[in-house]
Amino acid sequence: VILIQSCKKEVDYPLMDIDGNVYKNEVTIGTQIWMADNLRTTKYSNGDSIETTTMDIANESTPKYQWPYDGDESNVATYGRLYTWYAVADIRNICPEGWHVPTDDEWTILTSFLGGEDVAGGKLKETGTSHWLALSAGVTNEFNFTALPGGYRNFDGTFGYLPFRGFWWSSTEHSAPLGYFRTMSSIFDFVGRDDTNKQFGFSVRCIKD
């Protein structure tokens with residue numbers, strides 16, 4: 001009797017969102033697996049659209065929007081899109097299937113593994129000045145997280161801080177009008193943790209379920 005063993009080739013499918021945007025390889029940092037670039041989708045994972053606007057949204061109670069920085073679609077490929085916290089926290093999930101927006105605790109697990117908030121930014125930021133205006137002394141990007149200075153959108157419709165700072169939402173609420181976020185600066189190695197108005201547009205970096 002001749003036994004024939006069939007070999008099944010494993011296919012390495014690209015990481016893709018509902019819009020068909022393809023992302024870089026995922027990166028493992030400690031016990032966590034992160035996407036290696038910022039989210040670019042204009043749809044929730046069920047296919048529903050995430051709206052956009054040029055208006056002041058200060059008087060909207062739960063605005064769920066996304067934007068390219070400065071309204072310029074050419075910025076999306078590099079920096080991703082900016083989302084309000086209300087879009088981030090929507091149960092339809094803005095991340096690809098099998099991924100989610102990190103909680104405040106998950107961000108803390110990341111920065112703690114990297115030695116604490118004071119030095120974690122240097123280990124997460126992209127090296128070189130192709131995108132950052134300047135670089136702090138401790139930048140290594142040793143896990144290929146490649147954080148970029150995507151700036152933000154104010155609720156009044158103005159944009160700012162590109163190429164000086166990046167801002168990333170967590171999915172955790174601080175209080176009714178405020179959500180927790182993380183920020184990195186071109187000239188410092190720290191990862192800042194704070195809370196702010198949920199109507200701001202910040203970047204999103206997804207983490208694996």
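**View 1. Trp107 and Phe145 pair their rings in the protein interior.** A residue is buried when its relative accessible area is under 20%. Phe145 meets this cut-off with a relative accessible area of 0%, so Phe145 is buried. Trp107 is buried too, at 0% relative accessibility. The model shown here is predicted. In total, 20 aromatic pairs are counted in it. Trp107 and Phe145 make one of them, an edge-to-face pair. Their ring centres lie 6.5 Å apart, and the planes make 70 degrees. Trp107 belongs to helix 3 (residues 104–113). Phe145 sits in the loop between helix 4 (117–124) and strand 8 (152–153). The pair therefore ties together parts 38 residues apart in sequence.

**View 2. Tyr152 and Phe167 form a tilted pair**. The ring centres are 5.6 Å apart, with 55 degrees between the planes. Tyr152 comes from strand 8, Phe167 from strand 10 (residues 165–175). This contact therefore links parts that are 15 residues apart in sequence. Tyr152 has 17% relative accessibility and counts as buried. Phe167 is buried as well, at 6%. Both residues belong to one aromatic cluster. The other members are Phe155, Tyr161, Trp169, Phe181, Phe200 and Phe202.

**View 3. Two lysines lie over tryptophan rings**. Lys125 places its charged end over the ring of Trp132. The distance to the ring centre is 5.1 Å. Lys198 lies over the face of Trp85. Here the ring centre is 4.2 Å away.

**View 4. The largest nonpolar core holds 23 residues**. Leu39, Ile94 and Val204 have the most contacts inside this core. Two elements, helix 2 (85–88) and strand 10, each give two or more residues to the core. Helix 2 supplies the largest share, four residues. Leu39 touches both Ile94 and Val204. Leaving aside residues up to four places away in sequence, Leu39 also touches Tyr23, Gly80, Arg81, Tyr83, Cys95, Pro96 and Cys206.

**View 5. A second core stands separate from the largest one**. This core has 16 residues. Among them are Val27, Ala36, Trp107 and Leu124. Trp107 is the residue that pairs edge-to-face with Phe145.

**View 6. Three strands build an open antiparallel sheet**. The strand order is 10-11-12. Strand 10 and strand 12 (191–197) stand at the edges. Each has a single partner strand, so one side of each lacks a neighbour in the sheet. On average, neighbouring strands are turned by 30 degrees against each other, direction ignored. Strand 10 and strand 11 (residues 178–185) run antiparallel and are joined by seven bridges. One bridge partner in strand 11 is Arg182, which pairs with Trp168.

**View 7. Helix 3 and helix 4 pack on the sheet**. Helix 3 touches strand 10, strand 11 and strand 12. The direction of helix 3 makes about 130 degrees with that of strand 10. Helix 4 touches strand 11 and strand 12. The direction of helix 4 makes about 100 degrees with that of strand 12. Helix 3 also carries Trp107.

Notes. Residues numbered from 1 in each chain as written. Predicted model: local features only at pLDDT ≥ 70, side-chain atom pairs only at ≥ 80, totals over all residues. Heavy atoms only, no water. Phe/Tyr/Trp six-rings, centres within 6.5 Å; stacked < 30°, edge-to-face > 60°. Buried < 20%, exposed > 50% of the residue type's maximum accessible area, 1.4 Å probe, protein only. Lys NZ or Arg CZ within 6 Å of the ring centre and 35° of its normal. Core = buried A, V, L, I, M, F, W, Y, C linked by side-chain atoms within 4.5 Å. Contact = heavy atoms within 4.5 Å. Pairing = 2+ DSSP bridges. Axes fitted to C-alpha atoms, helices over the stretch in contact; angles between N-to-C directions.
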